[in-house]
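Student: Before we begin, may I ask how the terms used for a structure are justified by its values?
Tutor: Certainly; let us take the terms one at a time and set each value against its cut-off.

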Amino acid sequence: MLALALLDHSPVPSMHTVGWALLAGALAGISLALFYRALASGKMGITTPVVAVLSAGIPAVIGIMTEGAPGILTISGFALAGAGLWLITRPEDGSRPQGLGLALLSGIGFAGYFLCIRQAGSGSPLWIAGLSRSCSFFLTGAIVVLAGKIPSISRPDIRMAIFTGCIDVSGSALFVRAMQTGRLDSVVVLSSLYPAVTVLLARFVLKEHLPRWKAVGMLAALAAVPMIALR
């Protein structure tokens, strides 16, 4: 992203934008680490749905408070999206809600990331995405090094990680641009429906079985998109 920003001759952002972008990156890195720890300690439990709903719900509520309530159709879409997201990310094994505290902290942290990106303003999405992810990288990297638990990684895994990272940070730049041009609540809720794409890929690419409640969640998420986007 930083290389693209330089090649595109995007103007260097102000210190205001840089500060919010770095804070967003710090929150994202810490929240991701907490999320993985919650998954490890809770064996899925209710970690994923709690994080997903909190990270989308908090900014959505703040967006409604600061920008005014959207139309009834959009609000209905929010409710449908929340229900669909919960169903899609529900665990299949009915495990107990272990790691709930970490999940709550992670969800609040991701919500903070969204709000910081909003506060970063109208600077170049390439710069904002690059700065925030660079901060996440150095912060989480420092934590791993200081913890002294550096696992061995195979070359195929490294290549896949780099490829995934390129896709991820590109999505971040698009998200930043959406934040700059749309309502906070709508952008956050729509972007938080990404688990629906993951479930679809798992079903059709990996041939995984799709439980009934996930199928219902998929339909709810798909129905919510036009209700939110075409207000």
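**Terms and their grounds**

Tutor: In this predicted model, helix 8, which covers residues 184–191, is mostly covered, with six of its eight residues buried. The buried residues are Leu184, Asp185, Ser186, Val187, Val188 and Val189.

Student: Why is Ser132 called buried?
Tutor: Buried means under 20% relative accessible area. Ser132 has 1% relative accessibility, so the term applies. Ser132 belongs to helix 6, residues 125–147. Leaving aside neighbours within four places in sequence, Ser132 is in contact with Ala21 and Gly25.

Student: What makes His9 count as exposed?
Tutor: The term exposed requires a relative accessible area over 50%. His9 reaches 71%, and therefore counts as exposed. His9 is located in the loop between helix 1 (2–7) and helix 2 (15–42). Although His9 is not a glycine, its phi is positive, at about 55°.

Student: Why is Gln119 described as partly exposed?
Tutor: Partly exposed is the term for values between the buried limit of 20% and the exposed limit of 50%. The relative accessible area of Gln119 is 42%, so partly exposed is the proper term. Gln119 is in helix 5, residues 100–119.

Student: Which residues does Gln119 touch, not counting those up to four places away in sequence?
Tutor: Gln119 touches His16 and Trp20. A contact requires heavy atoms within 4.5 Å. Gln119 and His16 are 103 residues apart in sequence, and their C-alpha atoms are 8.9 Å apart in space.

Student: What makes Pro226 partly exposed?
Tutor: Its relative accessible area is 37%, and therefore Pro226 is partly exposed. Pro226 lies in helix 10, residues 212–229. From Pro226 to Pro211 the separation is 15 residues in sequence and 24 Å in space, C-alpha to C-alpha.

Student: How do you know that the sulfur of Cys166 has no bond to the sulfur of Cys135?
Tutor: A disulfide is a covalent bond between the sulfur atoms of two cysteines. The criterion is a pair of cysteine sulfur atoms within 2.5 Å. The closest cysteine sulfur to that of Cys166 is in Cys135, 19 Å away, and this is too far for a bond. Cys166 is partly exposed because its relative accessible area is 46%.

Student: How many disulfides does a search of the whole structure find?
Tutor: The search finds zero disulfides. Cys135 is in no disulfide, and the nearest cysteine sulfur, that of Cys116, is 11 Å away.

Student: Why does the radius of gyration of the protein chain agree with a compact globule?
Tutor: For 231 residues, a compact globule would have a radius of gyration near 17 Å; the protein chain has 18 Å, so the two agree. The C-alpha trace spans about 50 × 50 × 35 Å along its principal axes.

Student: How many helices and strands are there in the protein chain?
Tutor: The protein chain has ten helices and zero strands. Of its 231 residues, 38% count as buried. Among contacts between residues at least 6 apart in sequence, 90% join residues at least 24 apart.

Student: What are the values for the surface and the charges of the protein chain?
Tutor: The accessible surface comes to about 12,900 Å², and 72% of this surface belongs to carbon and sulfur atoms. There are 16 positive and 8 negative charges, and their mean positions are 4 Å apart.

Key
Residues numbered from 1 in each chain as written. Predicted model: local features only at pLDDT ≥ 70, side-chain atom pairs only at ≥ 80, totals over all residues. Heavy atoms only, no water. Helix = DSSP H or I, 4+ residues; strand = E, 2+ residues; numbered from the N terminus. Rg over C-alpha atoms; globule rule 2.2 N^0.38 Å. Buried < 20%, exposed > 50% of the residue type's maximum accessible area, 1.4 Å probe, protein only. Areas by Shrake-Rupley, 256 points an atom, 1.4 Å probe, with all protein chains shown as cover. Lys, Arg positive; Asp, Glu negative; His and termini not counted. Charge placed at Lys NZ, Arg CZ, Asp CG, Glu CD.
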